[in-house]
Each structure stands twice: as structure tokens, then as C-alpha cells.
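Trainee: Got a minute? I'd like to walk through this one with you.
Mentor: Sure. Have a look, then ask away.

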Amino acid sequence: MNYLLAILLPPLSILLAGRPIVGILTFLIWIPALLLSGGLTHPMFILLAWFIIFEGRNRSD
């Protein structure tokens, strides 16, 4: 479910993956990037969110 959320709202998905500081920083960069590039940078944030979700699932604590 978190992977689907990453497609629409990558910062929220990162936040829910247990990385609150990275999620907030991503949000602060994501909004201007969307506005200035017209959405061309959105796939980069989706890949970042997917990587963080995948890393969190495979982390051995």
C-alpha cells in the first residue's frame, strides 16, 4: 500500500516508512520542484520513496 502512496505523495510515503526528517525535507524540496519543473522531477521523488520503503523492509535491526 505504501508503494501506491509513493506514486501520488512521495513525502507522505517516506514519512510513513519511518523516516520523518527525510520526509519533511523531501516535502520542502518536492513542492518547489513540482511547481518549477512542471512535474518533470516527480519520478525522481517516487524512486526515492520506493528505495526508502524497500530499505526499511530489508533492514535487519
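Trainee: Which residues make up the largest nonpolar core?
Mentor: Ala-6, Ile-14, Ala-49, Ile-52 and Ile-53, 5 residues in all. H4 gives the largest share of this core, with 3 residues. Keep in mind that this is a predicted model.

Trainee: What is Ala-6 in contact with, leaving aside its neighbours within four places in sequence?
Mentor: Ser-13, Ile-46, Ala-49, Trp-50 and Ile-53.

Trainee: Let's back up. How many helices and strands are there?
Mentor: The secondary structure comes to 4 helices and 0 strands. From the N terminus on, the elements run α-α-α-α.

Trainee: And the overall size?
Mentor: The C-alpha atoms fill a box of roughly 40 × 20 × 15 Å along the principal axes. The radius of gyration is 11 Å. A compact globule with 61 residues would have one near 10 Å, so the two agree.

Trainee: How much of the protein counts as buried?
Mentor: 25% of the 61 residues.

Trainee: What about contacts between distant positions?
Mentor: Take the contacts with a separation of 6 or more. Residues 24 or more positions apart account for 50% of them.

Trainee: Back to H4. Which of its residues are buried?
Mentor: His-42, Phe-45, Ile-46, Ala-49, Ile-52 and Ile-53. They cover an arc of only 130° around the axis, so they sit on the same side of H4.

Trainee: What do those buried residues pack against?
Mentor: H1, helix H2 (10–16) and H3.

Trainee: Which residues are exposed on the other side of H4?
Mentor: Met-44, Leu-47 and Phe-51.

Trainee: How far apart are the end C-alpha atoms of H4?
Mentor: 25 Å. At 1.5 Å a residue, the 17 residues of H4 should span 24 Å, so that agrees.

Trainee: New topic. How many aromatic pairs are there?
Mentor: The count comes to 2 aromatic pairs. One is Tyr-3 with Trp-50. Their ring centres are 6.4 Å apart and their planes are at 65°, so this pair is edge-to-face. The cut-off for edge-to-face is over 60 degrees.

Trainee: Where do Tyr-3 and Trp-50 sit in the chain?
Mentor: Tyr-3 is in helix H1 (residues 2–8) and Trp-50 is in helix H4 (residues 42–58). They are 47 residues apart, so the pair links distant parts of the chain.

Trainee: How accessible are those two?
Mentor: Tyr-3 has 27% relative accessibility, so it counts as partly exposed. Trp-50 is also partly exposed, at 33%.

Trainee: And the other pair?
Mentor: Phe-27 and Trp-30 form a tilted pair, 6.4 Å centre to centre, with 45° between the planes. Both are in helix H3 (residues 20–37). They are 3 residues apart, so about one helical turn separates them.

Trainee: Is Trp-30 buried or exposed?
Mentor: Trp-30 is buried, with a relative accessible area of 7%. Buried means under 20%, so Trp-30 falls below the cut-off. Phe-27 is partly exposed, at 42%.

Trainee: Last one. Where is Ile-24 found, and is it buried or exposed?
Mentor: Ile-24 is in helix H3. Its relative accessible area is 52%, so Ile-24 is exposed. The cut-off for exposed is over 50%.

Trainee: How far is Ile-24 from Pro-43?
Mentor: They are 19 residues apart in sequence. In space, they are 18 Å apart, C-alpha to C-alpha.

Key: Residues numbered from 1 in each chain as written. Predicted model: local features only at pLDDT ≥ 70, side-chain atom pairs only at ≥ 80, totals over all residues. Heavy atoms only, no water. Phe/Tyr/Trp six-rings, centres within 6.5 Å; stacked < 30°, edge-to-face > 60°. Helix = DSSP H or I, 4+ residues; strand = E, 2+ residues; numbered from the N terminus. Buried < 20%, exposed > 50% of the residue type's maximum accessible area, 1.4 Å probe, protein only. Expected span 1.5 Å × (residues − 1). Arc of directions from axis to C-beta. Contact = heavy atoms within 4.5 Å. Core = buried A, V, L, I, M, F, W, Y, C linked by side-chain atoms within 4.5 Å. Rg over C-alpha atoms; globule rule 2.2 N^0.38 Å.
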